[in-house]
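Biologist: Could you take me through one part of this model slowly, as if I were new to reading structures? I would like a close look at the place where the two chains meet.

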Amino acid sequence: MRLEPKPAPSLAVTLSFPLAAIVTTLVLTSILVLVAGASPLSVFYLVAKGAAGSQFALMETLTRATPLIFTGLAIAVAFRARLWNIGAEAQLYMGGIVTVALGTGALPLPSFILIPVLMIAAMAAGALILLGPAVLKTRFGVDEVVTTLLLNFIVLLFVSMLLDGVLKDPMGLGWPQSQKVIAEAQLPRLIQGKRLHYGFVIAIAAAAVVWVITKKTLLGYEMRAVGHNAEGARFVGIPVNRVLMKTALLSGGLAALAGFSEVSGLKGNLTLDLSPGYGYTGIVVAMLAMLNPLGVVASAIFVAGIFVGADAMSRAAKVPSYIADVMVATSLLTMVVAILLTRFKIRWR
Amino acid sequence: MDALDILFSASFWVAAIRIASPLIFATMGELICERAGVLNLGIEGIMTAGAFAGWFTVYAGGDLWTGLVVAALVGALFGLLHATLTVPLGLSQHVVGIGVTLLATSLTYFTYRLLLPEVTSPPKIEPFQPWPVPGLSKIPVVGEALFTQTPLTYLAFLSVAVVAWTLYRTPVGLAVRAAGENPSAVEAQGISVTGIRMGAVVAGSALMALGGAFLTTSAFNSFFFQMINGRGWICIALVVFGSWRPGKALIGAILFAAFDAYQVRLQQISGGIVPYQVFLMMPYALSILALILVARRATYPKALMIPYQKGER
């Protein structure tokens with residue numbers, strides 16, 4: 001068996017492959033649904049209905065998509081330069097820590113100043129925590145996959161320590177949670193009385209900014225060159241290490257915004273379950289979008305829809321809601337195969 | 001008890017060897033994969049699946065050894081998935097590995113909820129009991145630490161010997177090492193690089209699953225969510241720390257486990273002055289430190305993470 005490069009695929013082909021990957025995923029997960037004793041068609045119908053069947057469902061999906069857009073962008077930016085940032089979870093929590101550290105009254109500022117300050121500070125913290133692995137990679141040749149993964153555990157323990165200590169809410173009845181951020185530090189809701197908040201708007205804006213950076217700037221070009229062939233990039237005079245550092249700063253900062261927006265827009269405070277694995281799910285979101293920043297928005301909404309819809313389905317159809325995680329993981333694997341098939345022809349001989 | 005006294009107590013070393021056992025299995029598994037040229041980031045999920053498969057087989061009425069066989073088979077299946085995607089198809093080993101971890105973990109949790117829908121506290125099984133080796137277990141400290149363990153721990157040590165012997169003393173081992181260093185030379189000998197690599201990943205994944213199964217059939221007596229808790233990633237660090245050599249990796253695993261056992265005891269005598277989370281962070285921080293110390297002079301298998309295509313130079 002060998003792989004032969006294909007000519008550049010047309011737009012229609014490029015767009016049809018993610019769909020093919022999703023259809024394959026649905027077929028594969030149907031087996032599990034059948035094993036669980038339910039009918040796949042009714043289960044998928046219930047998932048779709050739970051995700052987008054009403055105004056409430058749709059808003060819930062967009063709310064859930066917001067942190068995924070940020071972590072998906074963070075991963076897309078990093079993976080483009082082949083910086084394997086698997087630590088978006090840690091960067092997200094760093095953003096959350098900074099948001100409550102500064103947003104619970106330490107900075108008595110009006111909202112229009114405080115919110116940008118919190119965003120910048122959160123991004124700085126997230127960037128900083130990814131800078132370590134990036135330096136270790138470029139200076140010492142330590143594979144960043146393991147260091148970023150291990151940092152996820154360290155940062156979560158650090159959060160736990162802070163919530164037992166300096167950030168503990170004295171009125172929290174002993175629960176490990178922080179105080180709520182002050183009213184000025186809260187992102188307003190998009191519609192009064194609903195959960196969807198301005199974090200979603202910021203996420204869309206971030207996707208647009210990242211799209212401009214990757215497609216229209218020198219840095220974006222350099223990132224792509226480094227990701228495509230680091231040796232070649234070095235040969236033509238691209239400062240590879242510096243590009244990787246900038247990529248790390250951007251990626252870490254984006255993931256930290258997920259933590260900021262969850263605290264400031266949705267939860268109000270920091271807890272140990274601020275993220276149910278948004279950092280890891282961001283990897284799937286980014287891959288489904290083929291690392292395209294605007295595609296990240298669509299794939300984040302799709303993935304969020306699966307989770308929101310599966311929760312609703314699980315209550316109705318008695319299929320464990322973990323089916324959502326299985327679908328997301330399977331779509332990651334089918335997607336990488338689909339991307340391969342857009343570029344190569346498999347020839348058996 | 002004094003912080004130093006701990007190091008001379010037999011119970012401390014017994015615990016250290018017990019903590020090391022799952023790491024030894026999984027580290028050997030990862031080592032085989034990487035020696036053949038494939039980074040297997042599916043390790044965390046494969047350990048989770050192995051832990052569940054071993055436990056559930058016993059819970060459903062199988063005996064403990066059957067549980068281990070089932071766990072190894074489940075691990076091998078996930079290994080086959082990883083190998084198929086990364087070896088002949090040459091897909092990114094990073095992305096596929098994370099995908100396999102996510103898939104194995106979520107499938108395990110799904111299956112758990114499907115089989116035990118109403119359970120709130122995980123049901124218990126009768127785990128492996130210690131098998132003191134007559135005579136040897138009477139040697140103070142060292143004998144107690146090494147020879148009053150469950151059979152799986154002996155098997156873990158045996159796996160190191162088998163892996164080392166196979167890698168360095170058999171033609172198959174030579175082919176595995178060459179597949180990770182210079183695959184075209186393997187192909188020139190008329191041996192299929194694809195076959196060698198896939199076989200290594202499947203066998204390695206079976207060992208990883210045994211590492212997971214150790215937790216549910218020897219260390220604890222039930223399965224709970226998040227039970228692997230980063231042990232897989234630590235094993236990847238241990239492989240680097242051991243410079244891809246089974247013996248060195250074994251020493252690394254024991255040192256690491258000793259440190260882990262030590263921090264638990266230190267936590268007790270520190271009397272709460274230092275937050276307990278600091279102690280829990282130490283194993284992860286230590287893994288990063290080990291990577292930094294070793295990475296400079298580490299000699300990676302030269303073809304690690306580089307897909308091989310037949311006929312390509």
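Modeller: Happy to: what follows is a walk across the interface, and then a look at some charged pairs within the chains. Please keep in mind that this is a predicted model.

Let's start with the contact itself. On the chain A side, 45 residues are in contact with 45 residues of chain B. Together the two chains bury an area of about 4000 Å², and carbon and sulfur atoms give 82% of that area.

Which parts of chain A touch chain B? Strand S1 (2-5) supplies at least two residues, and so does each of the helices H1 (11-35), H5 (111-140), H6 (144-164), H11 (278-288) and H13 (323-343) of chain A. The biggest giver on this side is H6(A), with 13 residues. Sorted by kind, the chain A residues that touch chain B comprise 37 nonpolar, 4 polar and 4 charged ones.

Now for the polar side of the story. Across the interface, 3 residue pairs are in polar contact, with both partners at pLDDT 80 or more. How many salt bridges are there between chain A and chain B? The count is 0.

Over all chains, though, the count comes to 5 salt bridges, so let's visit some of them, using the rule that buried means under 20% relative accessible area and exposed means over 50%.

One of them joins the side chains of A:Lys137 and A:Glu144, at 3.2 Å from N to O. A:Glu144 is buried because its relative accessibility is 2%, while A:Lys137, at 24%, counts as partly exposed.

Another pairs A:Arg234 with A:Glu231, at 3.1 Å from N to O. Both residues sit in helix H9 (residues 230-235) of chain A, 3 residues apart, which is about one turn of the helix. A:Glu231 is exposed because its relative accessible area is 54%, whereas A:Arg234, at 43%, is partly exposed.

In chain B, the side chains of B:Lys302 and B:Glu181 form a salt bridge at 3.4 Å, N to O. This pair links distant parts of the chain, 121 residues apart: B:Lys302 is in the segment after helix H12 (276-295) of chain B, and B:Glu181 is in helix H7 (residues 171-181) of chain B. B:Lys302 is exposed, at 63%, and B:Glu181 is partly exposed, at 35%.

So, back to your request: the chain A side of the meeting place has 37 nonpolar residues, and the salt bridge count between the two chains is 0.

Methods:
Residues numbered from 1 in each chain as written. Chains lettered and ligands numbered in written order. Predicted model: local features only at pLDDT ≥ 70, side-chain atom pairs only at ≥ 80, totals over all residues. Heavy atoms only, no water. Contact = heavy atoms within 4.5 Å. Buried area = accessible area lost by both parts, 1.4 Å probe. Salt bridge = Lys/Arg side-chain N within 4 Å of Asp/Glu carboxyl O. Polar contact = N/O pair within 3.5 Å; in protein donor to acceptor, adjacent residues only side chain to side chain. Helix = DSSP H or I, 4+ residues; strand = E, 2+ residues; numbered from the N terminus. Nonpolar A, V, L, I, M, F, W, Y, C, P; charged D, E, K, R; others polar. Buried < 20%, exposed > 50% of the residue type's maximum accessible area, 1.4 Å probe, protein only.
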